[in-house]
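Here are a few exercises to work through with the model open. Try each one yourself, then check the worked solution.

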Amino acid sequence: MPTLPWTVPNHARPGTEAYAMASRFEVRSLADVPRFFLKSLAAWRQVRSAPGALGASLIAQPLKRTFYTLSAWEDRDALYAYARAEPHRSIMTGLRSTMRDSTFTFWEVPAERLPLAWDEAKQRLAAEAAKSRG
């Protein structure tokens, strides 16, 4: 499946910092992939209209049972409000039992550096995963 390209729900104000988040999810089995994928599309639709969302992208690797998200927000509160809102809240709870592994990383970036780069996000995720195994 191709990467869902960087989508800009709201434009960043010049001269501000964006709150970035990258995540990596691995589901337990190939049988879990269709459900996780469908739920991730619902969350994708939500982020496209979320207040404070400055951009987002998604990579699905179904045969590897792995999904990546990358997003930028006006601030941490905007990201957390999105995570607590429906349908994202129910999606997180409902998929917890299908998860084999998940990694999250957060950082700040000047708004002028948007869209975020997948290479940097994956490096940050790998560093975070190594730190948590450490």
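**Exercise 1: an unusual backbone angle**

Arg-65 counts as partly exposed because its relative accessible area is 22%, where buried means under 20%, exposed over 50% and partly exposed in between (1.4 Å probe, protein chains only). Before going on, note that this is a predicted model: local features need pLDDT of at least 70, side-chain atom pairs count only at pLDDT 80 or more, and totals for chains, interfaces and linings use all residues. Residues are numbered from 1 along each chain as its sequence is written, and side-chain values use heavy atoms, with hydrogens and water left out.

Task: find where Arg-65 lies and check its phi.

Solution. Start with the location: Arg-65 is in the loop between β3 and β4. Helices (H or I, at least four residues) and strands (E, at least two) are DSSP runs, numbered from the N terminus. Next, look at the backbone: phi of Arg-65 is near 65°, a positive value in a residue other than glycine.

**Exercise 2: cis peptide bonds**

Task: which residues does a cis peptide bond join ahead of helix α3, and which ahead of α4?

Solution. Take the loop between α2 and α3, where Pro-87 lies. Glu-86 and Pro-87 are joined by a cis peptide bond, with omega about 10°. Then move to the loop between β5 and α4 (118-133), which holds Pro-115. Leu-114 and Pro-115 are joined by a cis peptide bond too, with omega about 5°. For background, most residues other than glycine have a negative phi, and most peptide bonds are trans.

**Exercise 3: the largest pocket**

Task: describe the lining of the largest pocket by element and by class.

Solution. First the space: the largest pocket holds about 670 Å³. Of its 28 lining residues, Ser-23, Phe-25, His-88, Met-92 and Phe-104 are the closest to its centre. A pocket here is an open set of points on a 1 Å grid over the protein atoms alone, where a 1.4 Å probe fits, with protein on both sides within 12 Å along at least five of seven lines; lining residues have an atom within 4 Å of a point. The volume is the space filled by probe spheres set on the points, which are joined across faces, edges and corners.

Now the elements: those supplying at least two lining residues each include β2 (17-27), β3 (53-61) and β5 (99-110). Helix α1 gives the most, with five residues. Finally, by class, count 20 nonpolar, seven polar and one charged. Ala, Val, Leu, Ile, Met, Phe, Trp, Tyr, Cys and Pro count as nonpolar, Asp, Glu, Lys and Arg as charged, and the others, Gly among them, as polar.
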